[in-house]
Amino acid sequence: MALLAACTDEQRSDAGTGGGTGTSESNGSTSAVTGTSAGSGGTGASGSTAGSGGTGGSGGSGDVPPREPEEVSVLENITFYDGYAETVDEPIPPGVIRHNNSLVATRLTGELLAKVQTTLKVRVVVGALCDNYDRLGSVNLALVPKGAQTYVPGQVDRIEVARFVTPFMDMNKQPKTVPYEWEASNLVPILKDPDLLAEHDFWFELGIFGVPYAANDEVPGCAGRNDTQLGSLLLYTDSTREAQDFGVLLPLAISEEFNNYATGASDKVGTTRKTVSFELPADTQDAQLVLITSNHGANQGGEEYVRREHYVYVDGELALQYKPGRTSCEPFRKYNTQGNGIYGASPRSDKEWQSFSNWCPGDVIDTRIVPWGAASAGTHEFVIDVPDATFVGGEGNIPFSLYLQAR
């Protein structure tokens, strides 16, 4: 299947301050939420289409015994630097490229791809360096022309696989690392697709935005330094279930701006409603949309402090309704080793957390998989609407990522 024009934007991630990841409260169609919280262990409308053929797995059944589960290291202890500064020229492991101080990438080798079985989990471990605030991070998958030694992120097709928020961390205190995990088995039919593999290499990107300015003054040992975090990316795979079967991949948006005050960030200034039109190349038996949003704005009354209803429509029908926010952010207190105004000196009640936190420093941001079902070839319309959002003072944003899979 031909690969058409991409729909990608460069990503910048600065979480500011706030608290908790969205938990789906769906009306209409159900939404599978794939984030696993660390505290419990764990640009347009054109888009692009690609073959991502099904890879029906044995799921451990039949005459062939199931393979042993594997955890594969993709990126290990990569140092990230001041996201606002000129890109550093510091050493980086072989096979890893630094797009900028807050985004690195590595090509998935044939050997690594061969290890992928029928299920997949994405794991990230963030280590404390000289940024003691909460920041946004992400894992992206880039489809890069075969054989390319590097690429420009905004010029290739990319999808956001996972998003997370770092805790407030003092590098001199334990714990010095925080783990994150997401269910990502829907990536298996992409990574195994022969048509995509014939024309593209897959590159995993790990992005962690950070700035060292506060830590330079507040954290012993950080004076004059510009390193902000350590980041590792791992994949866990096994054959406990059959692989999902999707033959169409349509990237639609990656970390796009979504707010009511910037031209182009919504359907029109003054509304927090965003419409994405896309084309299905053929009738499909089944389709799903993969959505990531998180609310930010650390100013007084900012959007990260007020829980809002989010409404998702597909071709005018309500497909999902959700209000971001955990029951409590207390499970992540242990990772927030730098004193901060979000956690305070003593535990908060569930009611207190629910009164303001859209996400928790140290937690995942949920990846919402929205079932769509059978769909006909032609033009379709996705809409996300947050009608109560206010963006006080013209500040804040809801970074928005979306892609479609179908068969």
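The exercises below deal with a predicted model of a protein, and each is followed by a worked solution.

**Exercise 1. Describe the overall make-up of the protein: how many helices and strands does the protein have, and what share of its residues count as buried?**

Solution.
- Step 1. Begin with the secondary structure: there are five helices and 22 strands.
- Step 2. Turn to burial. A residue counts as buried when its relative accessible area is under 20%. By this cut-off, 57% of the 407 residues are buried.
- Step 3. Add the surface. The accessible surface is about 15500 Å², and carbon and sulfur atoms account for 49% of this area.

**Exercise 2. Find the order of the strands in the open sheet of six strands, and state which strands stand at the edges.**

Solution.
- Step 1. Read off the order, which is 6-7-12-9-10-19, with antiparallel pairing.
- Step 2. Look at the edges. Strand 6 and strand 19 (364-365) each have a single partner strand, so each has one side without a neighbour in the sheet.

**Exercise 3. Follow strand 7 and its pairing with strand 6 and strand 12: how many bridges join each pair?**

Solution.
- Step 1. Take strand 6 and strand 7. They run antiparallel and are joined by four bridges. Two residues lie between these strands, and together the strands form a hairpin.
- Step 2. Locate residues that face each other in this pair. Isoleucine 97 is opposite alanine 105 of strand 7, and arginine 98 is opposite valine 104 of strand 7.
- Step 3. Move to strand 12 (residues 200-208). Strand 7 pairs with strand 12 over five bridges, again in the antiparallel sense. Arginine 107 has tryptophan 203 in strand 12 as its bridge partner.
- Step 4. Check how covered strand 7 is: four of its five residues are buried.

**Exercise 4. Characterise the second largest pocket: what is its volume, and which residues are closest to its centre?**

Solution.
- Step 1. State the volume, about 260 Å³.
- Step 2. Name the residues. The lining has 15 residues, and Pro94, Gly95, Thr106, Arg107 and Thr109 are the closest to the centre.
- Step 3. Assign the lining to elements. Strand 5 (70-81), strand 6 (96-100) and strand 7 (103-107) each give two or more residues.
- Step 4. Sort by class: nine residues of the lining are nonpolar, five are polar and one is charged.

**Exercise 5. Do the equivalent for the second largest cavity: what is its volume, and how do its lining residues divide?**

Solution.
- Step 1. The volume is about 50 Å³.
- Step 2. The lining includes Thr34, Val161, Glu183 and Tyr403.
- Step 3. The lining divides into five nonpolar residues, three polar and one charged.

Key
Residues numbered from 1 in each chain as written. Predicted model: local features only at pLDDT ≥ 70, side-chain atom pairs only at ≥ 80, totals over all residues. Heavy atoms only, no water. 1 Å grid on protein atoms, 1.4 Å probe; cavity = no way out; pocket = protein on both sides within 12 Å on 5 of 7 lines; lining within 4 Å. Points joined across faces, edges and corners; volume = space filled by probe spheres on them. Nonpolar A, V, L, I, M, F, W, Y, C, P; charged D, E, K, R; others polar. Pairing = 2+ DSSP bridges. Buried < 20%, exposed > 50% of the residue type's maximum accessible area, 1.4 Å probe, protein only. Areas by Shrake-Rupley, 256 points an atom, 1.4 Å probe, with all protein chains shown as cover.
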